[in-house]
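Grab a pencil and open the viewer. Try each exercise yourself before you read its solution.

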Amino acid sequence: MQPRNMSMSGVVDLAAVKAAGEAKAKAEQARAEAARQGGPAPVPPSALVIDVDEAGFERDVLQRSAEVPVVLDFWAEWCEPCKQLGPLLERLAVEYNGRFLLAKIDVDANQMLMQQFGIQGIPAVFAVVAGQALPLFQGAVPEAQIRETLDQLIQIGEERFGLTGIVVDADADTPAPVGRPAGPYDALLEAAMSALDAGDLAGAVQAYKNVLADDPAHPEAKLGLAQAELLTRVQDLDPGVVRKNAADNPADVTAQITAADLDLVGGHVQDAFGRLVETVRRTAGEDRNAARLRLLELFEVIGADDPRVTAARQALARVLF
């Protein structure tokens with residue numbers, strides 16, 4: 001892993017290259033300042049995993065990276081591989097006991113950070129050590145590979161930058177979660193999530209449909225059903241074959257629809273929307289309607305409030321009317 005510099009001024013600058021010695025000096029200066037103030041206070045294990053946004057990136061990532069490697073987990077609610085990788089990274093953050101800090105970044109709410117890191121698909125994992133960015137891996141990789149990567153990252157932090165990590169108070173009390181009254185569909189929604197975790201897509205689809213049978217507008221069930229149906233459609237596909245068919249047969253509506261499903265599952269939201277808008281533009285009749293309906297289904301997966309959905313709806317309207 002070769003580090004790439006990130007500016008400490010608050011503007012991410014992945015293209016700049018500075019000497020590792022300069023970054024190490026900044027880290028040492030930050031630690032010296034902390035020592036003058038009595039040293040860093042121990043933190044509870046729950047503080048090893050944080051949510052980060054664009055406004056707090058300098059404080060929570062760049063500045064913290066002067067004392068501990070910060071691992072960045074770029075994720076989204078609709079991304080199923082993210083739901084597998086995220087909990088694993090959170091567990092490892094606690095297990096490594098302060099040797100790295102995990103910062104979770106929701107790409108839907110932080111588009112600028114996603115662009116600045118040049119991320120093409122999620123989940124994507126980077127690290128920042130002493131203000132320098134390191135690309136780690138993309139996708140839901142095996143735990144053994146993740147551990148090996150983390151070990152290398154920690155070694156780089158210690159040897160090149162003298163990062164010693166965070167002091168953790170394992171006995172610190174953590175606040176209890178605030179309870180809420182059980183809703184009328186909580187059991188069904190929990191059953192759907194359990195089915196998804198177990199790989200039972202048919203069971204998840206049915207559980208969401210059971211909610212929608214009583215409440216057709218239930219937002220969580222609509223979103224969950226759209227996601228589960230998407231995963232059902234792509235679970236047995238060969239991505240290489242699908243993409244070759246779409247490239248070789250641009251007029252084949254079925255090939256384009258199937259490729260759009262894969263685009264979305266892989267995190268290439270705008271590619272999926274653009275592919276289907278273009279298919280609608282150059283087709284007519286039943287073919288056009290099939291592409292339009294699939295596009296509307298994919299809008300449900302992402303959510304109506306997402307700016308990419310708004311832009312794609314406008315593009316769809318232009319080609320339809």
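**Exercise 1.** Find how many disulfides the structure holds, and work out the handedness.

Solution. Keep in mind that this is a predicted model. Step one: the count is one disulfide. Step two: the partners are C79 and C82, with sulfur atoms 2.4 Å apart, which fits the cut-off of within 2.5 Å. Step three: the torsion about the S-S bond of C79 and C82 is about 80 degrees, so this disulfide is right-handed. Last, check the surroundings: C79 and C82 are both buried.

**Exercise 2.** Decide whether R308 is buried or exposed, then list what R308 touches.

Solution. Start by locating R308: look in helix α13, residues 307-320. Next, take the relative accessibility of R308, which is 9%. Buried means under 20%, so R308 counts as buried. Now for partners: the side chains of R308 and D108 share a polar contact of 2.2 Å. Skipping neighbours within four places in sequence, R308 also contacts residues including W78, Q111, V269 and F273.

**Exercise 3.** Describe the largest nonpolar core, using L264 as your way in.

Solution. First, the size: 56 residues make up this core. L264 is among those with the most contacts inside it, along with F57, L72, F74, I122 and F273. Then zoom in on L264: leaving out residues up to four places away in sequence, its contacts include W78, L230, A272, F273 and L298. Finally, look apart from the largest core and you'll find another one, of 24 residues, with L85, Y96, V125 and L163 among them.

Note on methods:
Residues are numbered from 1 along each chain as its sequence is written. This is a predicted model: local features need pLDDT of at least 70, side-chain atom pairs count only at pLDDT 80 or more; totals for chains, interfaces and linings use all residues. Side-chain values use heavy atoms; hydrogens and water are left out. A nonpolar core is a set of buried Ala, Val, Leu, Ile, Met, Phe, Trp, Tyr and Cys residues joined through side-chain atoms within 4.5 Å. Buried means under 20% relative accessible area, exposed over 50%, partly exposed in between (1.4 Å probe, protein chains only). Contact means heavy atoms within 4.5 Å. Helices (H or I, at least four residues) and strands (E, at least two) are DSSP runs, numbered from the N terminus. A polar contact is a pair of N or O atoms within 3.5 Å; within protein, one must be able to donate a hydrogen and the other to accept it, and residues adjacent in sequence count only if both atoms are side-chain atoms.
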